[in-house]
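Hi everyone, thanks for making time. I'd like to walk you through one structure today, so please have it open while I talk.

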Amino acid sequence: MSIIIKSEKDIQKMRIAGKLASDVLKIITPYIIPGVKTSKLDYICHKYIIDVQKAIPACFNYKGFPKSVCISVNDVICHGIPSDSKILRDGDIVNIDVTVIKDGFYGDTSKMFFVGNSTIQGKKLCQIAQNSLYLAILMVKPGIRLYTIGKAIQEFVEKYNLSIVREYCGHGIGRNFHEEPQVLHYESEDRNIILQEGMAFTIEPMVNFGDSNIRIMSDGWTVKTKDRSWSAQYEHTLVVTNKGCEILTLRDDEPFSSSVLINE
Ligand code: MF3
Ligand code: CO
Ligand code: CO
């Protein structure tokens, strides 16, 4: 068990998979409106990944997950199952988490969407979750200890009296959906992993408005906050470069002019 270092050839394939995953978040955007069923959003993503991208929706049948993307609304933290009975309403906040496989490599990314008119609370929560991901990305470079990134995310989020979910973490990614290392979004005792050029992993903090406790629904997948407060998550797939990192799932609605970041 060890961290797989990606070759330039591997990274080139991961760029393609990453771009496809981020494109799905882009094409689904106009469909996220009050009244839409989350099963319809899943269907559109599914068709696009298979018919247009000629790629594989990685979540479909992953450990028995029944749909192609995860759609998590309001107090659902992650792993929401798209369904005919889940209809989006004005003011909802929605995470769509897309993972595709192309040419043997995975790309994994998620973001929050606002349905109709966003509330001030919803906006604040999403903004802080997104900024916690961005500050983490800006720390990624060879030589840094992984735990310092988790510590920084946690400190940032807690400064706003929000909390970080502990049960789920980012992960190494490549020819596997989830590989080593685990990327924790909070401070931990494991301080031994030092980042190296060619490591590829996700960062995907889940930020709750209330406390960090979770409960898993009887469907075995849906994870909700215990206190029913809302939760937000953003995720990118990254690779460590010689001077920083490259965001493999960057979208054009984000505040980076290049996917290649110099973090010196
Ligand atoms: N995409 C999620 C992640 O970021 C994993 C979803 S697994 C599923 O790791 F089975 F729920 F789809
Ligand atoms: Co992930
Ligand atoms: Co994901």
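Let's begin at a metal site. Around the cobalt ion that is ligand 2 there are six donor atoms, and because the angles they subtend run from 50 to 161°, the arrangement is irregular. Please keep in mind that this is a predicted model.

Who holds this ion? The protein supplies Asp-108 through OD, His-171 through NE2, Glu-204 through OE and Glu-235 through OE, at 2.0 to 2.2 Å from the cobalt ion (ligand 2). If you follow these donors along the chain, the spacing reads D-x62-H-x32-E-x30-E.

Now look at the neighbour. How far apart are the cobalt ion (ligand 2) and the cobalt ion (ligand 3), and which residue bridges them? They lie 3.3 Å apart, and the bridge is Asp-108.

The cobalt ion (ligand 3) has protein donors of its own: Asp-97, listed twice through OD, then Asp-108 through OD and Glu-235 through OE. These sit 2.0 to 2.4 Å from the ion. Along the chain, the pattern for ligand 3 is D-x10-D-x126-E. This site is irregular too, with six donor atoms and angles of 58 to 167°.

Let's move on to ligand 1. Where does ligand 1 sit? You'll find ligand 1 in the largest pocket. It is surrounded by 14 residues, and the closest are Cys-59, Asp-108, His-178, Glu-204 and Glu-235. You have met some of those names already: Asp-108, Glu-204 and Glu-235 are also donors to the cobalt ion (ligand 2). As for character, the shell around ligand 1 has six nonpolar residues, four polar ones and four charged ones.

Zoom in on the oxygen atoms of ligand 1. One is 2.8 Å from a side-chain N or O atom of His-178. For Asp-108, the corresponding distance to an oxygen atom of ligand 1 is 3.1 Å. Glu-204 places a polar side-chain atom 2.8 Å from an oxygen atom of ligand 1. And how much of ligand 1 does the protein bury? On its own, ligand 1 exposes 340 Å², and the protein buries 96% of that.

Terms used
Residues numbered from 1 in each chain as written. Chains lettered and ligands numbered in written order. Predicted model: local features only at pLDDT ≥ 70, side-chain atom pairs only at ≥ 80, totals over all residues. Heavy atoms only, no water. Near = heavy atom within 4 Å. Polar contact = N/O pair within 3.5 Å; in protein donor to acceptor, adjacent residues only side chain to side chain. Areas by Shrake-Rupley, 256 points an atom, 1.4 Å probe, with all protein chains shown as cover. 1 Å grid on protein atoms, 1.4 Å probe; cavity = no way out; pocket = protein on both sides within 12 Å on 5 of 7 lines; lining within 4 Å. Sits in = over half its atoms within 2 Å of the grid points. Nonpolar A, V, L, I, M, F, W, Y, C, P; charged D, E, K, R; others polar. Donors = N, O, S within 2.8 Å, 3.2 Å for Na, K, Ca; no water. Tetrahedral: all angles 85-135°; square planar, octahedral: opposite > 155°, others 65-115°.
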